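Work through the exercises below with the structure open. Each task is followed by a solution in steps.

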Amino acid sequence: MSHGPRSGLAAVSSALLAMSRHLEVRDVLKTIVASARELLDAQYAALGVPDDHGGFAQFVVDGVSDEQWKAIGPLPRQHGILASMLREARPERLGDVRKDPRFEGWPAAHPDLVDFLGLPIRDGEEVMGALFLANKNCPKPDGGCGFTADDEELLGILAQHAAIALTNARLYERSRELTIAEERSRLAHELHDAVSQKLFSLRLTAQAAATLVDRDPARAKGELQQVAALAAEAAEELRAAVVELRPAALDEDGLVATLRTQIQVLDRAHTARVTFAGHGVKALPAAQEEALLRVAQEALHNALRHSSPEHVAVTLHRRGAATVLRVTDDGSGFDPRTVRRAGRHLGLVSMRDRASGAGGTLTVESAPGKGTTIEMEVPGG
């Protein structure tokens, strides 16, 4: 290869190390694409993972803004040159992709691609995806391609390691799914035992109240109060068990989309206005995303149930090298000095534990009649 021995090897090494740091499939895909674009100095890069229905299960791009990506529209189908790379599993290096007979056009908002280098990512006989770069930042020969044979060889090396990184990420996610399934089974048994006992006691107490209501109303009232207490305990145990389960939406859609969807549901279900804004937050490790989601859920639950707010605002944004979740309500608030009582009542202890477990911090600002702000900060994103 014509790349300098120090700069070329250092760049390849940096790209391979970046891929090996991630265990989540979507993080690996993003790292592959960004590394390839930087390594070969291209304007655009993309990687598509095919599904079994003629489309792409995942399609990751680099060099395109979020606004451009939204304007482009749905994920592409497996057609044209992308389909050829997946079907024939061979590299494609073109001076002008638009002049290739297999070219079938692209949406109006799609950036204009000219010179093109693409190749499949393979694991043995399995084609795991199609990786391609476009518009190399260099002078191009008349009618020729800016990408060279050396570029193709370098991208091939990157693709081989990308296949290993993707395979490891898939194995990790499958292992985690098995762990989650086992945890769900354990929680189901615990939930069944705990809640069943509460419901059995509740039924007996309700029956006792029914027999006493005519002849001893005072005792019946006491039994009904016990019914209410048992029902509240059962509901709390049910909620505690459910919140321990990582929602599937977080794995499939990511933190921002999951929060936005859940907050839209809360906004429709409550008289209070519930809003969400996310600004420039990138994907985080799974443990941090789950912790942020759980703290947001707990803070929203507290605000809507205990504070009688008119508005609850949730924001997720970057602050330097950190990601910050902020949940603010204009409700009744409380005195933080009574932290021991409020901590138990509002789940502040569990929220702080979640923040600490994710390598972050939690701060609480509140005053009677002044609303509450809960802020969680974690590194990264």
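A residue counts as buried under 20% relative accessible area, as exposed over 50%, and as partly exposed in between. The model used here is predicted.

**Exercise 1.** Classify Trp69 as buried, partly exposed or exposed.

Solution. The relative accessible area of Trp69 is 26%. Partly exposed covers the range between 20% and 50%, so Trp69 is partly exposed.

**Exercise 2.** Find how many aromatic pairs the whole structure has, and describe the geometry of the pair formed by Phe59 and Trp69.

Solution. Step one: a search of the whole structure gives 4 aromatic pairs. Step two: in the pair of Phe59 and Trp69, the ring centres are 6.2 Å apart and the planes differ by 5°. Planes under 30 degrees apart count as stacked, and the pair of Phe59 and Trp69 is stacked. Step three: Phe59 belongs to strand β2 (residues 56–62) and Trp69 to helix α3 (residues 66–72), so this pair ties together parts 10 residues apart in sequence. Step four: Phe59 has 14% relative accessibility and therefore counts as buried. Step five: Phe56, Phe59 and Trp69 make up one aromatic cluster.

**Exercise 3.** Assign the geometry of the pair formed by Phe103 and Trp106, then the exposure of each residue.

Solution. The ring centres of Phe103 and Trp106 lie 4.8 Å apart with the planes at 75°, so the pair is edge-to-face; the cut-off for this class is over 60 degrees. Phe103, with a relative accessible area of 25%, is partly exposed. Trp106 is also partly exposed, at 27% relative accessibility.

**Exercise 4.** Describe how helix α8 packs with helix α9, and which residues meet.

Solution. Step one: α8 (residues 255–269) and α9 (residues 286–306) pack at about 15°, and their axes are 10 Å apart. Step two: angles under 35 degrees count as roughly parallel, and α8 and α9 are therefore roughly parallel to each other. Step three: their crossing is right-handed. Step four: from α8, Leu255, Thr258, Leu259, Gln262, Ile263 and Leu266 take part; they meet Glu289, Leu292, Leu293, Ala296, Gln297, Leu300 and Leu304 of α9. Step five: the residues of this contact comprise 9 nonpolar, 3 polar and 1 charged.

**Exercise 5.** Place Ala287 in the structure, and state its separation from Gly357 in sequence and in space.

Solution. Ala287 is in helix α9. With 55% relative accessibility, Ala287 counts as exposed. Ala287 and Gly357 are separated by 70 residues in sequence and by 8.5 Å in space, C-alpha to C-alpha.

Conventions. Residues are numbered from 1 along each chain as its sequence is written. This is a predicted model: local features need pLDDT of at least 70, side-chain atom pairs count only at pLDDT 80 or more; totals for chains, interfaces and linings use all residues. Side-chain values use heavy atoms; hydrogens and water are left out. Axes are lines fitted to C-alpha atoms, for helices over the stretch in contact, and angles run from 0 to 180 degrees between N-to-C directions. Helices (H or I, at least four residues) and strands (E, at least two) are DSSP runs, numbered from the N terminus. Angles under 35 degrees count as roughly parallel, over 145 as roughly antiparallel, 65 to 115 as roughly perpendicular and the rest as oblique. A crossing is left-handed if the near helix is turned anticlockwise from the far one by less than a right angle, and right-handed if clockwise. Contact means heavy atoms within 4.5 Å. Ala, Val, Leu, Ile, Met, Phe, Trp, Tyr, Cys and Pro count as nonpolar, Asp, Glu, Lys and Arg as charged, and the others, Gly among them, as polar. Rings of Phe, Tyr and Trp (its six-membered ring) pair if their centres lie within 6.5 Å; planes under 30 degrees apart count as stacked, over 60 as edge-to-face and the rest as tilted. Buried means under 20% relative accessible area, exposed over 50%, partly exposed in between (1.4 Å probe, protein chains only).
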